[in-house]
Structures are given as structure tokens and as C-alpha cells.
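User: I'm new to this structure and would love a close look at how its helices pack. Could you walk me through that part slowly, with whatever surrounds it?

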Amino acid sequence: MTGLVLKNVTKSFKEGESTVDALKNVSLSVEPGEFIAIIGPSGSGKSTLLSIAGALLQPSKGEVLVNGTDIGKMKEKDLSSFRLTDIGFILQTSNLIPYLNVLDQLLLVCKMKGKVTSKEIDLAKMLLNDLGLGDKLKKFPNELSGGERQRVAIARAFVNNSNIILADEPTASLDSNRAFEVVKQIRQAVKNRNKAAIMVTHDERMLEFCDKVYRMEDGVLTQED
Amino acid sequence: MFLAIKEMKHSKTRFGMIGAIIMLIAWLVFILSGLGNGLSSLAAATMKNMDGDLFIYEEGSEGTMMKTKVSGAIADDIEGKYGVKEAAKFGQSTIIVQNETEAAANAKEKDDVAFIGVEPGKFIEPTVVKGQQLNSDEPLGVLIDESLQEKGYDIGDTIVVKSSNLKLKILGLTEGETFNHLPTVFVNIDTWQSYAFSAPGSDNGLESPVTMIALQGNSIEGNKIEKNYDSIETFTKSEAVMGMPGYKEESATIYMMLAFLFVISAVIIAVFFYVFILQKTQQFGVMKAIGASNRFIKNSIISQVFVLSLGSIIAGIALTYLTALAFPEGMPFNLDFKMVLLYGIILLIVSVLGSVISARQVTKIDPLTAIGRVE
């Protein structure tokens, strides 16, 4: 089974004496080729949900199935290699490595797996071309605009060819035009490559590009119409 | 290695400065080692050059040249016994000398030298680089160390020994022969004995007294020798070298400074990279989030230190040899390439160990720092 499935997931954190449930019995399923959005105020548990879906955190209760594998049963040590091969993260603009050029940002992901093959270099170049960065391969992050940096981050999320794409506030710190552009590009890449994608966002203007919208409030996830 | 090199290329100033510090430490280490080497050969070169396996000193002398006197008869007797192949008498005193022409002119300049008596043809007699070896036909012939040439002594000259009427003729030059911080003058042991024990009773009643006896042979039985001859003690070569006046103290000082330098360089590297890692917590968090293992990040840090230290140490070696060119001629500075290499490797290992300690910090970085930071 492909895609991402969360079944009755609860995540509790200890806060002093008491425990706080950041996620309460959350269930969610994303099919390949589907692009969903999760909105909600800060502190509602969106980031926790994304961290659990991305194998950064393990649930307290419930199952998280990524391509049929239950993350909750994995050892902490194996999670990083699981993220490397099965999850693509689109992080905020500031999260490129400052001393790597655009192409190397992508090749770094391949390096983490071992030797870089020429096939991987071709894929990286193709991704960057598709996102309109074909002539900027040798540029460093500080030489790019905010939108360009975010497109590099998108390309980086796709380069390991994982089935799941998770985007954490990809439009933060972008103006509306660029934000639209970036979300459209994520959507296009998700559809073309048939990935299951979740985007966490504050920005309600972006929802028109998503197939489904969920709202998160105090740890409870509900689907919007 | 990929990240390590890319980052260094990108932040040249930052890594250039750390590299410069490592280079200066390496430079200091090499200069000190050269100085230590120079001083120790000044103190004990003649002793170190001797190809002896065991040395007979007076009992209770603690291997110190100044406190020993043994009977030369032992040397004649011991050959062929207890595994001894060859025994050579050795006598030492310090004398003040002057070139004959200067002495005639009543010049004020005099030179202190180590006056070493050896038997012509025995293994402890050094090979000349110029001129002739000692021979029994010329009891007043001597070999002098090259360094005395600068002070106006040369083959064929006559040297006057102050406070005695001894006049010596220079037969040949030797290389790198210093003893007790003084250039060495080698003479026939008989001549040395008649000079050293000219005062009545100064021979302690020993037959043909000498300072010590050097022995050569395979598996010499030191215990048996000590049992069979009265009031003697045997020492190995390294013990005898240690017994040279000032040798132990000088080398202990230098080694202590070197040890401190190694510790300091490890701490500097560890602290620098500790701060670097703290600065890059966010970056490493991102890398971990997209799937980098701790090992991947640690390897990149350690390989960075390795490359940086290696480059800096090589630069330090180059700087050391350049500085050595500028040192004045008489300075006791003696760079041994093998030693430079050894200390370079130690420094490299120590720096890498320092970075390994800092790199452990990486494990504590939480990949969650990469998520949900925009407010």
C-alpha cells in the first residue's frame, strides 16, 4: 500500500507534572497524487502532526503507515535513514545550506546515501530545470531571491524520489505573487510525479490549489468542505 | 569530505584563521623539537655517537661522568669474557686551550673544550672527515671537532693547553662531536692519563685510571661483570646518556613544553569546533530532518579538521625550515626530519581527537528544530 495513513494517532508531551495532548485521536489518509493542506492557528498541533508524518517524532498511540511501514514501531536510529529514502521535506527558506550551490543542495541528499550516481545528477538537473532554475545551478543561496530559494527547497524534497512530500509553511516570508507561484509549482510536481503531499500553512489564500483542506484546532483534525 | 571541503572553500577567512593558529602551534612544536635536539646533541653527542652496548662506571656514580673513575686494567682483562668483544677506555676532562700563534701573541681569547682520551683504533674513536686518525706513534696528536675551525684551529696547528705545559698537534677533524656543551678534542688515552692524573694521588690508587670503559658485544652479562670486578657498576647507553650533566634536565624541560603544546592544540581545536557546531545547530538540524545520520555529520566535521590540520601542519613544517635558515650559525638548532614527521603526526592525531570530542555534540541536536519555526 502506498501513500500516507495515520490511524487514531495521539501524541502527548509531558509539561511539568501534567501531560498535554498535542494530537488527539487524529486520523488522516493521503493517496499518491493527492495534495492536501492543513491549516490552523499556532500551537494547534500542525507542526506536531507534520513531524509525526515525517518520522521526526513517534506517536504515543496509534499507527503511522508510510508506504505500509509503521513508523511507530521503528527504532529511533533507523528513522533518519527512513527519512532519507521515504520522505521529502520542504522546509522554510532559511533552511538551505549556505555554503552549497543550488545543484550541491540536491546532491547533498544523494551524498547522505552514499556515492552520487550520474543518474542522480541528471534527476537533480531535471528537477531544477522543471522549476525554472536551470541557469542558476552554480548560484549560492545568498545570490537567490526568496522564491528561488523556496523552489530549490522543493527540488531538494523531490530528489530522493520518495513517495511522501511534506511542506512546512513553504510560503512563509514570500509575497503573494511568489507564494502563489511556489504553491502552484509544488502542486504541479506532486501531480506529475504522483506523490502524496501534505502542506502545513497559515495562508488561507493557498487553499484553492489543494485537493482537500483539513483544519487543526487544539489537537483535533477536521476536514473542511 | 564533500561538505567539509565545500564549506572551507566558502568561508576562507574563518578557516584560514584557524589554520593559521594550528600552523603557528606546529611551528612552535617543530622549533622546540629542533632546539631540544640541538641542545641534547651539544650535551651528549660524543656519548651518543659511541657504538657501545654497555658502559662500566665507578660504583655509586649514578652514571654521571663527573663522579667516576675506574681502573683501565679492567678493559684489558675483560675482552673476550662475559660476551664482551671489545672494551675501550675512555677518559674525559675539561681543558682550556689556545692556538699556539695566539698564545705567543698573548691573546686573551681562550676556548673551553672537552678533552677526551681514547685508544687509537678502538671503536669509540670517531672517524675523521678530514686529515688522519689518531696513532700510537704520535702521542700528542689530537682530533678536533669541526666547530673549532671557526675559532681559528686547523689541521697541522699546535694547541697549547692552559695551566700545563702540554702542547698538542691537530691531526684531523671530526664532525658533530660535542660533549657536555663543549666541542670535543680527542687524544691518545695515555696522554690524557698523564695530563689528568699529573697530581700525586689523584689516581685514587687505581691502575691506569680512566673515566669509564665502553664495551661492545652481543648479550653482555652485566651482572657477572659487576660481581667479578670491585667497585664498578654497569650502565646501558641510554642510562649513560641520561647521566650526562644537564642532559636530563634540558630534555625534560623541552619535552614538558612539547607535551603542553600538544594538549593546548587539542583544546583549541576542540573549543573552536564546539563553537562552530553550536553556531550551526540549525543547519545540522535541517540536515538531520532531511535524513542525515549523526555519523554523516560527524564524519564531515572530523574530516574537515583532518584536512585543515594536515594543511596547516605542512605549512608549519615549511615555515620551520624557512626560519631555520635565518637562525645564526652557532645556535644549537638541529632539525631531524624523522622527528618533525613524528611530531607532525602526533599533532594531527591530537587535533582530530579534539574534534572527535566536539563532534559528539552533534548527537544532541534535534532534527525537530527544522520544523515549525516560522511564526
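The answer below goes through the helix packing, first in one chain and then in the other.

Analyst: Happy to help! Please keep in mind throughout that this is a predicted model.

Let's begin in chain A with helix α2, which covers residues 76-86. Which of its residues are buried? They are Leu79(A), Ser80(A), Arg83(A), Leu84(A) and Asp86(A). An α-helix has 3.6 residues a turn, so residues three or four places apart point the same way. That is a handy thing to remember when you look along this helix. The cover over the buried residues of α2(A) comes from several elements, and on the chain A side it includes β4 (61-66), β6 (87-90), α3 (102-113) and β7 (164-168). Chain B takes part as well, through its helix α9 (281-289).

That brings us to the place where the chains meet. Here 24 residues of chain A are in contact with 22 residues of chain B. On the chain A side, α1 (46-53), α2 and α3 each supply at least two of the touching residues. By type, this side of chain A divides into 12 nonpolar, 7 polar and 5 charged residues.

Since α3(A) has now come up as part of the cover over α2(A), let's see what else α3(A) packs against. Two packed helices are described by the angle between their axes and the distance between the axes. For α3(A) and helix α4 (residues 118-130) of chain A, the angle is about 135° and the axes are 10 Å apart. That angle makes α3(A) oblique to α4(A). The crossing of these two helices is right-handed. From α3(A), the contact uses Val102(A), Leu103(A), Leu106(A), Leu107(A) and Cys110(A). From α4(A), the partners are Glu120(A), Ile121(A), Ala124(A), Leu127(A) and Leu128(A). The contact residues divide into 9 nonpolar, no polar and 1 charged.

Another helix pair in chain A is α5 (residues 146-158) with α6 (residues 176-193), whose axes come within 10 Å and cross at roughly 15°. Are they roughly parallel or roughly antiparallel? With that crossing angle, α5(A) and α6(A) are roughly parallel to each other. Their crossing is right-handed. On α5(A), the residues making the contact are Gly146(A), Gly147(A), Gln150(A), Arg151(A), Ile154(A) and Phe158(A). On α6(A), they are Arg178(A), Glu181(A), Val182(A), Gln185(A), Ile186(A), Ala189(A) and Arg193(A). This contact divides into 5 nonpolar, 4 polar and 4 charged residues.

Now over to chain B, which is divided into domain 1 (2-44 + 248-370) and domain 2 (60-230). The centres of these two domains of chain B are 47 Å apart, taken over C-alpha atoms.

Look next at helix α10 (residues 294-326) and helix α11 (residues 337-359) of chain B, which pack at an angle of about 155° with their axes 9 Å apart. Because of that angle, α10(B) is roughly antiparallel to α11(B). The crossing is right-handed. On the α10(B) side you will find Lys298(B), Ile301(B), Ile302(B), Val305(B), Phe306(B), Ser309(B), Leu310(B), Ile313(B) and Ile317(B). Facing them from α11(B) are Val340(B), Gly344(B), Leu347(B), Leu348(B), Ser351(B), Val352(B), Ser355(B), Val356(B) and Ala359(B). By type, the residues of this contact divide into 13 nonpolar, 4 polar and 1 charged.

One residue to pick out here is Phe306(B), which sits in helix α10 of chain B. Is Phe306(B) buried or partly exposed? It has 17 other C-beta atoms within 10 Å, so Phe306(B) is partly exposed. Phe306(B) and Ile349(B) are 43 residues apart in sequence, yet 8.5 Å apart in space, C-alpha to C-alpha.

For a last stop, find Ala196(B) in helix α5 (residues 189-196) of chain B. Ala196(B) counts as buried because it has 21 C-beta neighbours inside 10 Å. Leaving aside neighbours within four places in sequence, Ala196(B) is in contact with Gly91(B) and Ser93(B). Between Ala196(B) and Val210(B) there are 9.3 Å in space, C-alpha to C-alpha, with the two being 14 residues apart in sequence.

Terms used:
Residues numbered from 1 in each chain as written. Chains lettered and ligands numbered in written order. Predicted model: local features only at pLDDT ≥ 70, side-chain atom pairs only at ≥ 80, totals over all residues. Domains from an automatic or database assignment. Buried ≥ 20, exposed ≤ 12 C-beta atoms within 10 Å, placed from the backbone. Helix = DSSP H or I, 4+ residues; strand = E, 2+ residues; numbered from the N terminus. Contact = placed C-beta atoms within 7 Å. Nonpolar A, V, L, I, M, F, W, Y, C, P; charged D, E, K, R; others polar. Axes fitted to C-alpha atoms, helices over the stretch in contact; angles between N-to-C directions. Parallel < 35°, antiparallel > 145°, perpendicular 65-115°, else oblique. Left-handed = near helix turned anticlockwise from the far one by under 90°.
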